[in-house]
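Dear colleague,

I am handing over the structure we spoke about, and it is placed just below so that you can have it open while you read. My notes on what was found follow after it.

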Amino acid sequence: MKTDSLNTERDWQELQETNSRFIVLDSNDLIVSCNDKVKYARFDLHREDILPSDCFWLDADQRTFCFGEFKKIAGKEIKLLFMPNGSEARKVKVQVEAFQLFNQQYYSLLIQDEHVELDHGKAHPFYGMAQALSADLKNSLLELRYQPQINIVDNSLYGVEVLARWTSDEFGSVTPDRFVALAEEFGLIAELDLWVLRQSCQQLASWRARGVYIPIIAVNFSPLSFNYPSLKYEIQSLLDQNGLLASSLVIEVTESEKIKTSDLFVDVINDLHSIGVIISLDDFGTEHSNLKRLLKFPVSQLKLDRTFVNDLPNKLSKDLSEVVLSICKKIGAVAIAEGVETQQQLSCLKRMGYEIVQGYIFSPPLSKYELEHWLHSME
């Protein structure tokens with residue numbers, strides 16, 4: 001992704017990105033790929049640079065944890081301090097997995113913040129923000145943005161992804177990553193996801209009544225929302241109320257360690273699939289257990305994580321992107337590449353055989369009025 005395409009910090013914050021930092025090391029302990037969540041943790045890090053060799057610190061031994069040590073703990077998780085910019089350290093947990101690609105050994109490092117468990121009382125540092133989010137949800141004060149998904153075979157509109165935005169009177173503009181995590185922590189996530197779905201269905205019905213054709217809408221659902229009682233009936237009711245077919249709706253499940261393929265989770269996914277809702281696995285390719293999950297529940301779409309798109313035409317990113325496309329063909333799923341910013345990325349994806357693309361090269365997330373104007377300009 002070129003830095004000149006992100007003119008302001010807000011532009012960057014509004015990009016829907018992988019929730020975790022992600023690094024790939026080769027057998028020589030060199031970084032061959034890392035996502036922008038890592039790169040932008042160090043503001044002077046350019047695409048040709050690498051992370052400093054001393055960015056991880058093992059607090060227990062009071063020493064630097066070297067990249068070469070990760071291969072020794074493949075299949076395990078370690079708690080470290082992460083210091084990408086040489087300033088304030090943050091506690092993280094790093095999940096290490098080994099994998100082979102074309103007879104070459106690689107190691108994936110999934111880096112996630114270590115959350116401190118606190119009671120959800122008034123002493124919680126984000127209690128006030130959670131209260132504000134709950135109140136704004138009840139009063140429908142959040143906003144929706146719609147990002148087009150394009151079929152690059154014939155340049156037609158494939159669908160739109162719906163993205164929530166929150167600007168609080170008290171806390172200002174809050175990034176999606178932050179308020180989604182807040183909603184998950186305080187038990188508001190199902191309420192948030194269903195609010196987005198409710199507003200999206202109403203808007204889609206309104207567009208269609210006015211002759212504005214949007215083939216499908218894709219709504220993100222946290223894995224935790226599948227614990228919501230009678231989710232299938234709630235979604236079916238929203239579709240019926242708005243005169244929409246289930247095939248008009250995509251539920252995007254974010255690829256995350258929060259996905260627990262319990263009987264309840266799998267049953268709900270199967271229930272939604274049985275009524276015709278399209279199931280999509282978002283951020284595909286950043287977790288070690290995706291393939292097992294594909295065996296557990298039906299998936300009709302796989303969204304290639306922007307980690308790989310960002311680094312195209314880097315060979316490893318290209319190879320992994322081709323693997324994801326091959327998996328889609330094998331299971332009969334639609335492959336969607338998101339986060340496409342440059343003509344070079346687009347051309348590379350097209351040569352590979354990707355047909356559905358989403359990203360700023362076509363359009364940023366738009367308000368409903370901006371989307372209508374954009375559609376008119378495309379005619």
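Among the contacts in the protein chain with a separation of 6 or more, 63% are between residues 24 or more positions apart. Please keep in mind throughout that this is a predicted model. The protein chain has 379 residues, of which 52% count as buried, and there are 12 helices and 16 strands in it. About 18100 Å² of the protein chain is exposed, with carbon and sulfur atoms supplying 49% of that area.

Since you may ask about the cysteines, the structure holds zero disulfides. Two cysteines can be placed with respect to the surface: Cys-201 counts as buried because its relative accessibility is 1%, against a cut-off of under 20%, and Cys-348 likewise counts as buried, at 2% relative accessibility.

The strands give a clear stretch to follow by eye. Strand S6, residues 90-101, is joined to S5 by six bridges, and the two run antiparallel; within this pairing, Glu-77 has Gln-95 in S6 as its bridge partner. S6 also pairs with strand S7, residues 104-113, again in the antiparallel sense and over 10 bridges, and here Val-92 stands opposite Asp-113 in S7.

Turning to the aromatic side chains, the count comes to nine aromatic pairs. One of them is formed by Phe-56 and Phe-70, which meet edge-to-face with 5.3 Å from centre to centre and 80 degrees between the planes. Because Phe-56 lies in strand S3 (residues 56-58) and Phe-70 in the loop between strand S4 (63-64) and strand S5 (77-82), this pair ties together parts that are 14 residues apart in sequence. Both Phe-56 and Phe-70 are buried, and they belong to one aromatic cluster together with Phe-65, Phe-67 and Phe-82.

The rings of Tyr-146 and Trp-207 also form a pair, and it is edge-to-face because their planes stand at 70 degrees, with the centres 5.0 Å apart. As Tyr-146 is in strand S8 (residues 143-151) and Trp-207 in helix H5, the pair ties together parts that are 61 residues apart in sequence. Tyr-146 is buried, with a relative accessible area of 3%, and Trp-207 is buried as well, with a relative accessible area of 1%.

Helix H3 may be worth a separate look. How far apart should the ends of its 12 residues be? At 1.5 Å a residue, helix H3 (residues 127-138) should span 16 Å, and its end C-alpha atoms are 17 Å apart, which agrees. The buried residues in H3 are Met-129, Ala-130, Ala-132, Leu-133, Ser-134, Asp-136 and Leu-137, and what covers them includes strand S9 (156-168), strand S10 (172-174), helix H4 (176-185) and helix H5 (189-209).

Gln-131 also lies in helix H3, but with a relative accessible area of 46% it is partly exposed. The C-alpha atoms of Gln-131 and Phe-186 are separated by 9.3 Å, although the two residues are 55 residues apart along the chain. Just after H3, Ser-140 takes a positive phi of about 55 degrees.

With best wishes

Key:
Residues numbered from 1 in each chain as written. Heavy atoms only, no water. Disulfide = S-S within 2.5 Å. Buried < 20%, exposed > 50% of the residue type's maximum accessible area, 1.4 Å probe, protein only. Helix = DSSP H or I, 4+ residues; strand = E, 2+ residues; numbered from the N terminus. Expected span 1.5 Å × (residues − 1). Contact = heavy atoms within 4.5 Å. Phe/Tyr/Trp six-rings, centres within 6.5 Å; stacked < 30°, edge-to-face > 60°. Areas by Shrake-Rupley, 256 points an atom, 1.4 Å probe, with all protein chains shown as cover. Pairing = 2+ DSSP bridges.
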